[in-house]
Structure formats: structure tokens, C-alpha cells
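User: Hello! I am new to this structure and would love a close look at one part of it.

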Amino acid sequence: MEDTNEINVELTADAEERKKGFFRKLRDKKTKILFAVGIVVVAFVAAYLITALIFQNRFLPGTSVNGVACGGKTVEETQTLLKQEADSYVLTLYERGDTTEEIAGTEIGLEIDFGEELDQLLDQQNGFFWLPHLLSSGEELQAEKMISWDEDALRGVLDELSCMDEDEMTDSVNASLSEYTAGAGYEIVDAVYGTRIDTDVFSAAVEDAVQNLRTELNLEEPSCYVDPEYTEDSAELLAMQEAANRYVGTTITYTFGSSSEVVDGSLISEWLVFGEDMSVSLDTEKTQEYISGLAETYNTTGQSRSLVTSYGTTVTVPSGNYGWKIDQDATLTALNGYLEAGEDYTGDVVYSQTAASHNGQDYGNTYVEINLTAQHLWFYKDGALVVESDLVSGSVKAGNATPTGAYRITYKQKDAVLRGQGYASPVSFWMPFNGGIGLHDASWRSKFGGTIYKTSGSHGCINLPYSAAKTIYESISTGDPVLVYTLEGTENSGTSSTSSSSSSDTSAANAVVDAINAIGTVTLDSGSAISNARSLYDALSDSNKSLVTNYSTLTEAEASYAALTADQTAQTEAQAVIDAISAIGSVTTESGGAISNARAQYDALSDAAKAYVSNYGTLTAAEAAYAALGQ
């Protein structure tokens, strides 16, 4: 046991000794490393300090003076470099068009006077910062008073340069918009960069280059030219293009019955005003001129119009207050609004007054016809005679003759009191059409017609029997036309009583015979004459109808008129389709809507109307061309 213990003690002592030896070696190695590092640091510091002392009299690494590299050079060595640069100095100008020109230092009296500026620049540097300078991009020093030249000589040299020749300079042109092209609108035309020199910028750039002894000057950097104010990338030009294309991309279609007026890009482009500041606006004079043109074409107020009377005779009805009248200011405001918003519109212009029809006579087929010569009235509604009656018009003797002309019912009023100087007349049915002149019942009269109006007429109004006034009042509407005329040879000396009954003699039948004979050759203008003859015939008693010897002429006239009317309707319907097909124009990828519209209108026609579509082949060709485009 004792031997074993002794062995363990010896092993423990040996391990402890090895451990101490390991740490002793490690400490010795660390001491050597620290010593080596210390030597390196001391050497680096010594080298850094020595180098710093050297740069006390030399420019730091990366330094340049007036564009001449002088890092590591003394003042004297830098002076030599600068003088060499000055003696051989030539400035090369790189101009547009791949042209170069030169300015030699000798031409401008270039001189260098060092003075104390280089020493002062060197003193501004700290030699201990040589390493940061070495690691950086360097430092550009400027000796402002060191380099000089003859300014008059430089000005003369500049004036002689080719790039300064006024006759050779070309002006820059701003980027702009192209002419309008249908389907494409406005496109941007690139700016043109000219060669006109900005003399102030150019002179300053040359002086700066000479001051720094730079041997090259690109006139583009900084730009020594008078460049375009607006280029193809200018936000102002892009905004102008967007606005202009919004205008011309709008389509306004004004409808006037079967006719229409289209405002599209080709017309709108003529109305646009482009400002030098890249603004775009509408020329208000031109848009007003367009609206005025519409009014001149489609207004009918103040115009006379023809009327096929109930006698079959055509008369000219003088102008009055009836007819179409465009509200030009409101229409212009609406038009400008659509164009500003780029909003398409199809429909009417704004009217201050409307009439019955744009097709044919504007009074349509509902109107009151008044023959002052015959003192007789007819009221037609939708072409059918509603009432016929004798009347009493304004007193000729008193100077109150009823004026002729085309008028419109202003309003209707029941149980009115008509007042004037020295009278107040209550009436049951009041229908004014020309200021204070209107249609009304006249219960104070027992007779109407004949020549009463010459001596005992009204104050200008149309006096009617109660029943006639009532019938008209119940069927007429505000705005309906009243056509007043005179017709020589129709004066009737007799009068009718408000209580007379139908006569069974032949005079009534003879009147119908005359009315039928007055129809004559049937045309589209024969409607009123035929309706008048039919109404007169239907009003006869059965015994008197048998006295009408030419009744077959009436029925034949009615049949012929119906056929003409149907044929006219077919032609009118066909014309709208013809116009739609013509509007397709050259087929492009944008033509789908116009082709579909024309096809739909054609398919909706009757067979009779289709026969009048003279350009149907154009439609089928357009459909084929559009399909070939892959649409």
C-alpha cells in the first residue's frame, strides 16, 4: 500500500511540472509576438513621421494646382510643371456636329506669375495627413491670381471662332405636336438642337478652362448652346398632347330630324389654339362661328314658309314668331363642356324655341290654318281635320286688322277676361299666339264669316263660335303653329249663323266636287287637299253624298298619296343607312363600331327601304376588310 501511494505522489508531481512548463513556453511566445508587433509599430510610426516631415515641403499625394498634378512635388517643381503647361497650353473646343477648334495660350497672352500663392497653398496642407490624402481622391487647389491673360485678345479670338459666326448658327426648335391625323391624333415631334451659342455661358466656360489650364472643353457640358426650352420629355408638352388628344378624341353629333351635324377630330383640330407655354385651348371665335353657322342653317324663326292650303292652292305665309331657334350661348357652353371633358354626345342642340319638324315644313301636320280673306279656319291634328269654322278677325276699319304670319300658341287658359282700352270681354277658351292676339270664343256674336271683319271686326283676335273654340282648345297644345294668310279670290260675302243647320241642297255636294277636283295630280304636297276633300265628303248627308260625281277620284287620290307617303318613308329611312355606311370611311381597327352600327340600321329596314340603299356593297366590302384585319 505504501508503494502505491508513493507512485501516485510521484505521478502528480510530474503532471504539475509539465503544466508549469507549458505556461512558461506560452508566456515566452507571447512576449516574442508583442515584441515583434512593437517593432513594426515603431517602424510604421517612424516611417509615417519621416514621410510627414517630407510632405512638410511637398504637396500631398493626389494634389493638383490649377489642373496640373503636383502630388509629391515641391513648390519649385510645381512651378516648373505649371510653366511648362502654360508655355504649351492649347484649349481644344469640342462642338456640335463633331467639329473642333483650338485656342492657343500664345494667342491670348497667357502668363503665369507665381508670387507667393503656391507657398500659401502648400502651407494650407498638413503633411501629417499624407496617408488620408493617399487613400482619398486627392485635392484640387486653385491659384486665382497666378494665371492671367489678355481679356481683349481672348475676346477677339472667341469672336473669330467658327462656332461664333452668326451666319452659321442655327436656332434650336422646341419639341412640338404634329399636325392632326385622323385616327392617330397628335404625336410629339422631337426637339431640334441648334448651334446658336449662349455667349455669356461660353465665355465663362472658356475662362474657367483657361484658369485651370484644362486642355479640353466640351461645349455640351455645361451647355454653351441656346437649347430648346421644351423637349420631347417635357412634362408640359406631354400634358399638352394629352389635352389636345382629349379634345380631338371627342365626337359630338347634333341631330336635326333626318339630318345631322358631326363635330369630330378633323373639325375640332381647327379650333385648337396652342400657346408657346405649351397650353392648349379652344378658339372661342371659331366655336362661336360654328354655332352661328348651325343657327343660320337650321333656325326657321323669322322666315316665311309655303303652305298648301285647304283649297289646294299653295300660298306663302309671312314670317312670325313660329319656328326653330337655337340658343347659341347655351349650345356653345354645352359644346365647350363636352370638349373640355372629352365626353361624346349625340342629341339636340339647346333651343330657345322649338317647332314641330325638321323634315319638310317646320310646322308639321298639326296646325291651325286661317284664311283672312275667306274669314275661315281649319284645325288639323296629325294631318286629320279636327274642326272647320267661319271666324271674325281684326277690324280693318278700326286699324286692328289681324296680321298674317306663322305663329305659335303661347299658352292656353280657360275662363279668361280679355281687357283693353274701353273693354273687358270674358271668354271661355283663350289661346294667344301673337302677343295679345289669339283664338277665343265670342259668345256676343251671332254670325261669323263674310265681310264682318271689315267694319265690325275684333281688336285683332280670331273670334270663333263657342263649339269651334272648345274643340280646338281641347285638342291644341302650347307651341302648336297658327298659320295666318290671305288668298285672293276666296272672299265669301255670306255669313254663317251659330245655330244654322245643314242644307240638303246640292251646294254642299258641289263644294265637295270642287274640293276633289282641286286635288289635281297627286304629290307629297297633296295631303292637306286630300284630307280637306275627305272631311267635306264625310260631313255630307247620305243623300248629298250621292251627288258627288267624282268620289272615285278622291279614293284613287288617297291610294296614290298613301303609296307616295310609304315610298317617301322608305327613302327617308334608307338615306339614314346610306349616310351611316358613308360615315365608315377607310377601314381601320377603329372602324368596328361604325360598321356594326351601319349593319344594324340596314337589317332593321323594310324590304322596300333596303331597295333604296344604293351603297350596300360598300358595307359588305367594309365588313370583309374589317374581318381581314383580324378584328
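Which residues of H14 are buried?

Analyst: Happy to help! A word on the model comes before the helix. This is a predicted model, in which local features need pLDDT of at least 70 and side-chain atom pairs count only at pLDDT 80 or more, while totals for chains, interfaces and linings use all residues. Residues are numbered from 1 along each chain as its sequence is written, and side-chain values use heavy atoms, leaving out hydrogens and water.

Now to your helix. The buried residues of H14 are Gly527, Ser528, Ala529, Ile530, Asn532, Ala533, Arg534 and Tyr537. Buried here means under 20% relative accessible area, exposed means over 50%, and partly exposed lies in between, with a 1.4 Å probe and protein chains only. Helix H14 covers residues 527-538, and its 12 residues should span 16 Å at 1.5 Å a residue; the end C-alpha atoms are 16 Å apart, so the two values agree. The expected span is 1.5 Å times one less than the number of residues.

Around that helix, the protein has 19 helices and 30 strands. These are DSSP runs numbered from the N terminus, with helices (H or I) of at least four residues and strands (E) of at least two. Of the 631 residues of the protein, 38% count as buried. The radius of gyration, taken over C-alpha atoms, is 53 Å, whereas a compact globule of 631 residues would have one near 25 Å; the globule rule is 2.2 Å times the number of residues to the power 0.38. The C-alpha atoms fill a box of roughly 170 × 110 × 60 Å along the principal axes.

A buried residue can also be found in a strand: Ser425 is in S25 (residues 423-434), and it counts as buried because its relative accessibility is 18%. Leaving aside neighbours within four places in sequence, Ser425 is in contact (heavy atoms within 4.5 Å) with Ala416, Val417, Leu418 and Trp444.

Loops are worth a look too. Most residues other than glycine have a negative phi, and most peptide bonds are trans. Gln375 is not a glycine, yet it has a positive phi of about 55°. Gln375 sits in the loop between strand S20 (367-371) and strand S21 (376-381) and is buried, with a relative accessible area of 0%. Asp382, in the loop between S21 and strand S22 (384-390), also has a positive phi of about 55°, but Asp382 counts as exposed at 58% relative accessibility. Finally, a cis peptide bond joins Glu221 and Pro222, with omega about -5°; Pro222 lies in the loop between strand S10 (216-218) and helix H7 (235-248).
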